[in-house]
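Biologist: Could you take one part of this model and go through it slowly with me, residue by residue? I would like to follow how the charged side chains pair up and where they sit.

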Amino acid sequence: MLRPLALTDMGAAAEVHRLAFDQAMPWLVGLHTPDQDRWFYRERVFPTCHVWGHFDGVELGGIIAFRDGWIEQLYVRPDLHGRGIGTELLNVAKGANERLELWTFQRNAPARRFYEARGFTLAEQTDGARNEEKEPDARYVWARAG
């Protein structure tokens with residue numbers, strides 16, 4: 001089931017983020033504490049983004065946060081990968097925007113393949129100097145066909 005998330009879902013959203021982030025990018029494990037993750041979602045993500053979640057029964061299995069043509073966060077619990085959850089969440093953002101952009105790390109090959117398979121094209125690569133992790137990243141763009 002898909003639905004918009006409320007601030008009361010913030011802790012679960014931060015937990016999904018951390019599980020998926022650490023699985024996808026083990027070289028960055030420990031970058032933030034669970035308290036920092038919750039602060040980030042409470043103070044930065046929920047006030048500025050549309051945040052949607054996919055529920056597997058009562059448990060949050062995936063999240064997307066988007067605003068003004070940008071996908072800020074998209075994470076699915078690793079044990080639920082391959083079930084179409086990420087695609088469903090991405091389709092919520094696509095349905096609300098004519099054009100979307102996002103950043104992902106260059107080394108995150110599974111994420112890059114996921115976005116490319118869903119119509120995103122590589123627009124830019126950087127050396128990571130402008131991101132907190134100092135990790136080379138890639139900007140992708142999608143536009144509704146029309």
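Modeller: In this predicted model, the side chains of Glu101 and Arg99 meet in a salt bridge, with 2.6 Å from N to O. Side chains of opposite charge can pair when their charged atoms come close. The two partners differ in how much of their surface is open: Glu101 has a relative accessibility of 12% and therefore counts as buried, since the cut-off for buried is under 20%, whereas Arg99, at 43%, counts as partly exposed because that value falls between 20% and 50%.

Glu101 also has a second partner, for it forms a salt bridge with Arg139 in which the closest N and O atoms are 2.7 Å apart. Here the position along the chain is worth following with care: Glu101 belongs to strand 5, which covers residues 99-105, and Arg139 belongs to strand 7, which covers residues 137-143, so this pair ties together parts that are 38 residues apart in sequence. Arg139 is buried as well, because its relative accessible area of 17% is under the 20% limit.

A further salt bridge can be read in the same manner, namely the one between Arg107 and Glu135, whose closest N and O atoms are 2.7 Å apart. This pair, too, links distant parts of the chain, 28 residues apart: Arg107 is found in the loop between strand 5 and helix 4 (109-117), while Glu135 is found in the loop between strand 6 (121-125) and strand 7. With a relative accessibility of 49%, Arg107 counts as partly exposed, whereas Glu135, with a relative accessible area of 7%, is buried.

If we now return to the residues we began with, we can place them in a wider setting, because salt bridges that share partners join Arg99, Glu101, Glu124, Arg130 and Arg139 into one network. Glu101 shows how such sharing looks, as it pairs with Arg99 and also with Arg139. For the structure as a whole, the number of salt bridges is 14, and those described here, including the one between Arg107 and Glu135, are among them.

Methods
Residues are numbered from 1 along each chain as its sequence is written. This is a predicted model: local features need pLDDT of at least 70, side-chain atom pairs count only at pLDDT 80 or more; totals for chains, interfaces and linings use all residues. Side-chain values use heavy atoms; hydrogens and water are left out. A salt bridge is a side-chain nitrogen of Lys or Arg within 4 Å of a carboxyl oxygen of Asp or Glu. Buried means under 20% relative accessible area, exposed over 50%, partly exposed in between (1.4 Å probe, protein chains only). Helices (H or I, at least four residues) and strands (E, at least two) are DSSP runs, numbered from the N terminus.
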